[in-house]
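Colleague: I'm new to reading structures and would love a close look at one part of this one. Could you walk me slowly through the stretch around the third helix, and then show me what else is worth a look?

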Amino acid sequence: GGHTYRLGPFVTTAIARFEARVAHAKTCDSASAIDTLRSALGLVRGAPIDGARGFEWAFSEHIVAAAEAMIADAAHRLAELYIDAGDHPGANWAALQGLRACPGDETMYRDRMKACHLAGNFAGVEAAFEELCEFIEALEPYDALHPETVALYECLSNRPSGRSG
């Protein structure tokens, strides 16, 4: 009876659709999970609420951070499923979708390095590592990057540790 507007039950958001697909993928076998997670990550066009004005509250309420974490987790899970299936293009796509929402995420770069290695693309492993170093502006990546990232790079590139001392 008042002057309150309410949204109908069919009004939704991309992040709500994304979240529902990710939740569904957790109940699926690997093949179905791949399809479901790929569908979810197909919704990613960039960082959550990127470029929108008037949504400062979404940052202060940690909604954006939660959405970024959910996207990164889904992208990593999909990349792992693709790698397990021997599908390096799919793994690379998943990692790149994750990076659209979470630029500089080391897990996504590790997934890219693994996908390139799976393809026998050692130059791609180097390129992914170098891109990450440029993103974080690391002059000395062995000090700036997570040890897991450095260890993976050394393993996949067959390079000895760059640590001095």
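Modeller: Happy to; we start around that helix and then turn to two places elsewhere in the chain. Keep in mind that this is a predicted model.

Helix H3 covers residues 56-60. Just before it comes Phe55, in the loop between helix H2 (30-41) and H3. Phe55 is partly exposed, because its relative accessible area of 34% falls between the 20% and 50% cut-offs. Together with Trp57 and Ile63, Phe55 forms a nonpolar patch on the surface, and the three share about 290 Å² of accessible area.

On the other side of H3 is the loop leading to helix H4 (63-84), and His62 is found there. Find its backbone: the phi angle is positive, about 65°, even though His62 is not a glycine. His62 is also exposed, with a relative accessible area of 55%.

Now for a buried residue. Asp111 lies in helix H6, residues 106-118. Asp111 is buried but has no salt bridge, because its nearest side chain of opposite charge, Lys114, is 4.4 Å away and a salt bridge needs 4 Å or less. Setting aside neighbours within four places in sequence, Asp111 touches Ala75, His76, Ala79, Ile83 and Ala95.

Finally, look for aromatic rings: the whole structure has one aromatic pair. The ring centres of Phe129 and Tyr153 are 3.7 Å apart and their planes meet at 10°, so the pair is stacked. It links distant parts of the chain, with Phe129 in helix H7 and Tyr153 in helix H9, 24 residues apart. Both of these residues are buried.

Methods. Residues numbered from 1 in each chain as written. Predicted model: local features only at pLDDT ≥ 70, side-chain atom pairs only at ≥ 80, totals over all residues. Heavy atoms only, no water. Helix = DSSP H or I, 4+ residues; strand = E, 2+ residues; numbered from the N terminus. Buried < 20%, exposed > 50% of the residue type's maximum accessible area, 1.4 Å probe, protein only. Patch = residues over 30% accessible without salt bridge, like charges linked within 9 Å, V, L, I, M, F, W, Y side chains within 5 Å. Areas by Shrake-Rupley, 256 points an atom, 1.4 Å probe, with all protein chains shown as cover. Lys, Arg positive; Asp, Glu negative; His and termini not counted. Contact = heavy atoms within 4.5 Å. Phe/Tyr/Trp six-rings, centres within 6.5 Å; stacked < 30°, edge-to-face > 60°.
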